Each structure stands twice: as C-alpha cells, then as structure tokens.
Amino acid sequence: MTAKFTLSIKCEGAAFDDDETGAVTHESAAPELARILRDVARRIEDGDSFNTFRNCRDINGNIVGTFALKIQEED
C-alpha cells in the first residue's frame, strides 16, 4: 500500500498581492501561504476527512487550492 499527499495552491488575487504594486512576489505571498498551510495542518490534526480533495481558501474566502491523501493498493 502506498500513500500520496497532494496539495495545490494557486497564489493569485488580493490575498497574495503586494499592496503597493498589486503584483504577487515571494515576500507578498509568504504570509498568506503560511496561513493556508497552518489551516490545512490544523484541519488534518482535528480529524477533517481528506481522503477526497478538500478546498483551501484564502483569507478573503476564495477557493485557491485543494489537498487530499490518496491510498493505493499495490498489486
């Protein structure tokens, strides 16, 4: 049996933008990305079912990604 955890986050929109330029940079995306990762970790620890893809939301409530753990039986 193998297990694969998949997480995909699209860093677009106001939650990831630099306030002055409106562009996404490493520095501007980092705080929101870290917040989303902490939220995913908390949900996993709290027992949220993630055997199917679950949504990740930015601070504004927009869906920006998904995560899931897939278990595959080996032949």
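These exercises walk through a predicted model, from its sheet to its core and two single residues.

Residues are numbered from 1 along each chain as its sequence is written. In this predicted model, local features need pLDDT of at least 70, side-chain atom pairs count only at pLDDT 80 or more, totals for chains, interfaces and linings use all residues, and side-chain values use heavy atoms, with hydrogens and water left out.

**Exercise 1. The sheet**

Work out the order of the strands in the sheet, and find which strands are at the edge.

Solution.
- Step 1: Strands are DSSP runs (E, at least two residues), and helices are runs of H or I with at least four residues; both are numbered from the N terminus.
- Step 2: Two strands pair if DSSP finds at least two bridges between them.
- Step 3: Eight bridges join β1 to β3. Four bridges join β2 (residues 54–57) to β3 (residues 63–72).
- Step 4: The order in this open sheet is therefore β1-β3-β2, with antiparallel pairing.
- Step 5: β1 and β2 are the edge strands, as each pairs on one side only.

**Exercise 2. Partners across the strands**

Find the residues of β3 that stand opposite Leu7 and Cys56.

Solution.
- Step 1: Opposite Leu7 stands Phe67.
- Step 2: Opposite Cys56 stands Gly65.
- Step 3: Now look at the turn. β2 and β3 form a hairpin with five residues between them, and Gly61 in this turn has a positive phi of about 90°.

**Exercise 3. The core**

List the residues of the largest nonpolar core, and find which element gives the largest share.

Solution.
- Step 1: A nonpolar core is a set of buried Ala, Val, Leu, Ile, Met, Phe, Trp, Tyr and Cys residues joined through side-chain atoms within 4.5 Å.
- Step 2: Nine residues qualify: Ala15, Phe16, Ala29, Ile36, Val40, Phe50, Cys56, Val64 and Phe67.
- Step 3: α1 and β3 each supply at least two of them. The largest share, three residues, comes from α1.

**Exercise 4. Two residues compared**

Is Arg43 buried or exposed? How is Val24 classed?

Solution.
- Step 1: Buried means under 20% relative accessible area, exposed over 50%, and partly exposed in between (1.4 Å probe, protein chains only).
- Step 2: Arg43 lies in helix α1. Arg43 counts as buried because its relative accessibility is 14%.
- Step 3: Val24 sits in the loop between β1 (2–9) and α1 (26–45). Its relative accessible area is 39%, so Val24 is partly exposed.
- Step 4: Check contacts (heavy atoms within 4.5 Å). Beyond four places in sequence, Arg43 touches Asp48, Arg54, Asn55 and Phe67. With such neighbours left aside, Val24 contacts Cys11, Phe16, Asp17 and Ala29.
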